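Here's a protein to puzzle over together. Have a look around first, and then we'll ask how the labels people put on such a picture are earned.

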Amino acid sequence: MKCHSLKTACAAALLLALSATAQAAYPERPITLVVPTAAGGGNDVLARVVGQKVGELLGQTVIVVNKPGAQGAIASDYVARQPADGYTLILGYIGTHGINPAMQKLNYDPVKDFTPIGMVADSPTIMVVTSRLPVNDVAGLVKYGHDHPEGLSFASAGPGTAPAIAGELFNMATGTQMLDVPYKGSAPALTDTLSGTTQVMFPSLFSVYPHLKSGMIQALAVAGATRTAALPDLPTLAEAGVPGVDVPQWYAIFAPAKADAAVVTTLNKALNQALADPAVVKKIGEQGAEVRHSTPAELGAFVESEAVRWKQLAATRKLAAR
């Protein structure tokens, strides 16, 4: 190739060519997908189902690593500090990029410290009770709570998580005094609710769906604005006389801030292809969630709107991490 321009222009052209070659090679090694919750929960299952297919499409292994603790803040802070090379990602959710940052000062910013890759799925929050509790509907639970003010507890994945906020909002709306019992993730919280150690929980349908036929747990209502197609006969809490408890749960993948645009495009394309695979759609649907497709820009705008929404709600309802 002949170069008739200045040496600096030639050097710049060479750097661009080398950069393009490097970008075209991505990914050259396994990718780590960090899950901010304990193994065995809905987030973990979702990460493994999607990660396996994304890895197949990219020709590299996607390694799922669980980093629970501090309501997702430990994992989020860890990923935010990693190189923005596309080899460390996080399966963020409403807790890490919506509720928790709105309730307390953290070492990361859900908008500024991450590069959006794409939406993965969403799932409604469901109010469930252990079958050992003598109630059959929301009205019965509220009455039981008033009759036994110190006899009810609800399991959560920790302060600042969707199950915890839903429980707090329910207490405020009904005047009940259910005690929040925090766990390190939805999986151990659900285990104790199934056994009757705790009586109530507000998990995502994605987390609890496989257990609803066990007879050990009963769904009472959807903590959201609309009913869910997976359980069409299940009323919303508003329909059951308890308005104001609207905590939809969502899941998305992010990279550290300032990730290369070409890498982001590659990841988003692979993610959306994975989410279009019938086997992936079926596996996610069987767990009570629905796949969601998006561009990085659409996810970024959504997270910004969530940050505003939860800050306003935390202020008006005086919600704070304990």
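## Strands, sheet and core

Q: What makes β5 and β9 a pair in this predicted model?
A: Two strands pair if there are at least two bridges between them. Strand β5, residues 126-130, shares five bridges with β9 in the antiparallel sense, so the pair meets that cut-off. At one spot, Val-129 stands opposite Gln-218 of β9.

Q: Which order do the strands of the open sheet follow?
A: There are five, in the order β7-β6-β8-β5-β9, and the pairing is mixed.

Q: Why do β7 and β9 count as standing at the edges?
A: β7 (179-182) and β9 (217-222) each have a single partner strand, so one side of each has no neighbour in the sheet.

Q: What lies across β5, β8 and β9?
A: That's helix α5, residues 138-147, which runs at about 105° to β9.

Q: What makes Phe-170 a residue that touches the most other members of the largest nonpolar core?
A: This core has 81 residues, and Phe-170 is listed among those with the most touching members, along with Leu-141, Leu-237 and others. Contact means heavy atoms within 4.5 Å. Even leaving aside neighbours within four places in sequence, Phe-170 is in contact with residues including Met-127, Val-138, Leu-141 and Leu-237.

Q: How do you know that this core draws on domain 1 and domain 2?
A: At least three of its residues come from each: domain 1 (31-122 + 249-317) and domain 2 (126-240).

Methods. Residues numbered from 1 in each chain as written. Predicted model: local features only at pLDDT ≥ 70, side-chain atom pairs only at ≥ 80, totals over all residues. Heavy atoms only, no water. Core = buried A, V, L, I, M, F, W, Y, C linked by side-chain atoms within 4.5 Å. Buried < 20%, exposed > 50% of the residue type's maximum accessible area, 1.4 Å probe, protein only. Domains from an automatic or database assignment. Helix = DSSP H or I, 4+ residues; strand = E, 2+ residues; numbered from the N terminus. Axes fitted to C-alpha atoms, helices over the stretch in contact; angles between N-to-C directions.
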